[in-house]
Amino acid sequence: MTHVAYRLQRPLALDVALEITGFTVLLGLSGAGKTTLLKALAGLIPGVGTPYGGLPPQQRPVGYMPQGYALFPHLAVWRNVAFALSGSRSTRYARAIDLLGRVGLGDLAGRDPRTLSGGQMQRVALARALARKPELLLLDEPTNALDSTTRDRVLTELRALVNQLGVPALVATHDPHLAAIGDRVAVLAHGAIVQQDAPAAVFDHPATSHVARLVGFQNLWRADRVEPDGGGVVVAIGDVKLRLTPPSPLTAPAGLAIRARDVVLWPDRPPAAAGNLVTAKITELRREGLATRVVLNGPLALEASIDSRSDLGNLSIGERVIVRLSPERLRLFRWDSDTSV
Amino acid sequence: MTRGLLVALAIGVLAILVAPFLGFALATPWGTLRPVAGDLAALRVSVVYTLAALAIIVVGGTPLAYWMARYEFRGKILCEALILLPLLTPPLAMGILLTMFYGPNGWVGHEARTFGVELTNTPAAFVLAQVYAAAPYFIIAARSAFEGVDPELEQISLTLGQAPWATFWRVTLPLARLGVGVGLAIAWVRALGEFGIVLIIAYFPQGIPVKLWVNLQDIGLDAVYALLWLFFLVALPLPLILGIASRRHLAKIETA
């Protein structure tokens, strides 16, 4: 595990501490400073911290892969890969071919890099970054330049490749899909790491309203009061009171959220024992493949996502339904003052 | 405008541009074409000292051009204007300025003299005049060529273990080479053909332009044909080749 602690002022203020292990994803909105942090770690932007603080970029044992990959357009593929290598032409060539083989592109050595596909460019850039035997890979938005059909495949390959190479990687992205496949996720917001953990933990238990938005919680409210209640807490949002478990030490201002797919709709009567019920009117229905997005209006603005093939498939706009927000699926977290509801 | 009219106009303009050269070729007495006394010496002076001036321009102008291309600083606009100044000054006036500065009574000229260096009517003066005539062209072209190189490629080179100097040689210069080459070619022609500045500060040693003038004055039109052909032969190949290369984007990549 690599421990990173960096501070910088320009071009934006960052004070960041994070652990990198395996494929670690640095998740943040555009403008959060992901590229800035990666460049600071590579020594391209002045920053103070460990590791490598104070070293010029050419002495840092990192492999940096920028957005768009920045392959040298005047050099053939193998010369791009061999760029960092020294020695005779034949040893450099042999090493480049070996590296290209490891990323599955051994037969493209003589090609003009401008003629490659996005996924191929990415792997050439990765092979080039690996040539120096870096201690740490820094990959900036590796999926940005790819079209959606190849993205998932390239991503899975990249993940497998990085693991197989055994070099820890810090991968900056705004894409929660990429974050979901990492060994670890660190969320960058407001100039700091606001949460870092295994992806499942971050996706299921966001630490702040900002993280909740980032990892795809569609229903997000600002809680007016949070009160302990037996084995859980009761959260008040306006006139609505919702119970959730387990207990939490958080007090208002706190945020409350639930994923759209965890919102349960009851067109008739729910079982008598069920709590956390809200009545709402359907204002919009959107088909999204096999799911239907249901937008609801009532004491709480809500979105639900339901299986279009279920019994609920024939809902109609204007219909009133009973909504259940399960105490186990509601999430309570710190409220960031700049979050819009 | 119809296509036919456009083509006719274009051919007309081209014909007007080329006509004097054609006329010169037709007027040349090819059978009796001989250089007059001193012509070959003038050729040698022009080629040797222009190469020297070009070396100075490249060594001094490249860092300046790179600095202007890569860094933002206060007074950059002023800097740009200063680079243009020698180019905007009429050559004769530039020659006078240089004589006042580098001449025996000038600030620098006076000091240089105490070290035994004469900066008027010497090879050093000749080179000096050429540097002032041609450097701005090279600097402007090289700067825009460097600006065309994505700084990210230089950054990548650094992260691949290459020092800034190695990065310049391996990334910046190869990618800027056409633009820098065009700058070099223009500087070459400007320096080789400079007359006004040279006339004032370095009448001697006589290069081709001053010798052409002398031949014309002392002997007449018959005495300039050979020297003019020599001038074309020496001056034009480099800019023509580089000009065509840059137009055709002869950016062949290194694959071997």
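In this predicted model, the two chains meet through 21 residues of chain B, which are in contact with 29 residues of chain A. Together, chain B and chain A bury about 2200 Å², and carbon and sulfur atoms account for 62% of that area. Salt bridges between chain B and chain A number zero.

Chain A itself is a good place to look next. Its C-alpha trace spans about 80 × 45 × 30 Å along the principal axes, and the chain holds eight helices and 20 strands. Of its 341 residues, 52% count as buried. Among contacts in chain A between residues at least 6 apart in sequence, 64% join residues at least 24 apart.

The domain assignment divides chain A into domain 1 (2-204) and domain 2 (214-334). Taken over C-alpha atoms, the centres of these two domains of chain A are separated by 39 Å. Contact between them involves eight residues of domain 1 and five residues of domain 2. The area buried between the two domains of chain A is about 620 Å², with 60% of it given by carbon and sulfur atoms. On the domain 1 side, A:Leu27, A:Phe203 and A:Asp204 lose the most area to domain 2, together 57% of what that side buries.

One salt bridge is counted between domain 1 and domain 2 of chain A. A:Asp204 and A:Arg331 also meet through their side chains in a salt bridge, at 3.0 Å from N to O. Across all chains, the whole structure contains 21 salt bridges. A:Asp204 belongs to helix H7 (residues 199-204) of chain A and A:Arg331 to strand E20 (residues 331-334) of chain A, so this pair ties together parts that are 127 residues apart in sequence. A:Asp204 is partly exposed, at 33% relative accessibility, whereas A:Arg331 is buried, at 9%.

Another salt bridge joins the side chains of A:Glu227 and A:Arg225, with 3.3 Å from N to O. Here A:Glu227 is partly exposed, with a relative accessible area of 35%, and A:Arg225 is partly exposed at 39% relative accessibility. In chain B, the side chains of B:Glu72 and B:Lys76 form a salt bridge at 3.1 Å, N to O. B:Glu72 counts as exposed, at 67% relative accessibility, while B:Lys76 counts as buried, at 8%. A network of salt bridges with shared partners links A:Glu284, A:Arg286, A:Glu288, A:Arg293 and A:Glu303.

B:Lys76 also appears among the buried residues of helix H3 (residues 76-88) of chain B, along with B:Cys79 and B:Ile83. This helix of 13 residues reaches 18 Å from its first C-alpha to its last, close to the 18 Å expected at 1.5 Å a residue. Helix H2 (39-70) and helix H6 (123-147) of chain B are among the elements that cover the buried residues of H3(B).

Turning to the nonpolar interior, the largest core has 54 residues, of which A:Leu100, A:Val124, A:Leu126, A:Leu137 and A:Leu139 touch the most other members. Domain 1 and domain 2 of chain A each contribute at least three residues to this core. Beyond its neighbours within four places in sequence, A:Val124 is in contact with A:Leu71, A:Val77, A:Asn80, A:Val81, A:Leu100, A:Leu105 and A:Leu116. A second, separate core of 37 residues includes B:Phe24, B:Leu212, B:Val224 and B:Tyr225.

B:Tyr225 is one of the buried residues of helix H11 (residues 225-235) of chain B, which also include B:Leu230 and B:Phe231. The buried residues of H11(B) pack against H1, H2, H8, H10 and H12 of chain B.

Conventions
Residues are numbered from 1 along each chain as its sequence is written. Chains are lettered from A and ligands numbered from 1 in the order in which they are written. This is a predicted model: local features need pLDDT of at least 70, side-chain atom pairs count only at pLDDT 80 or more; totals for chains, interfaces and linings use all residues. Side-chain values use heavy atoms; hydrogens and water are left out. Helices (H or I, at least four residues) and strands (E, at least two) are DSSP runs, numbered from the N terminus. The expected span of a helix is 1.5 Å times one less than its number of residues. Buried means under 20% relative accessible area, exposed over 50%, partly exposed in between (1.4 Å probe, protein chains only). Contact means heavy atoms within 4.5 Å. A nonpolar core is a set of buried Ala, Val, Leu, Ile, Met, Phe, Trp, Tyr and Cys residues joined through side-chain atoms within 4.5 Å. Domain bounds come from an automatic or database domain assignment. Buried area is the accessible area (1.4 Å probe) that two parts lose on being put together, summed over both. A salt bridge is a side-chain nitrogen of Lys or Arg within 4 Å of a carboxyl oxygen of Asp or Glu.
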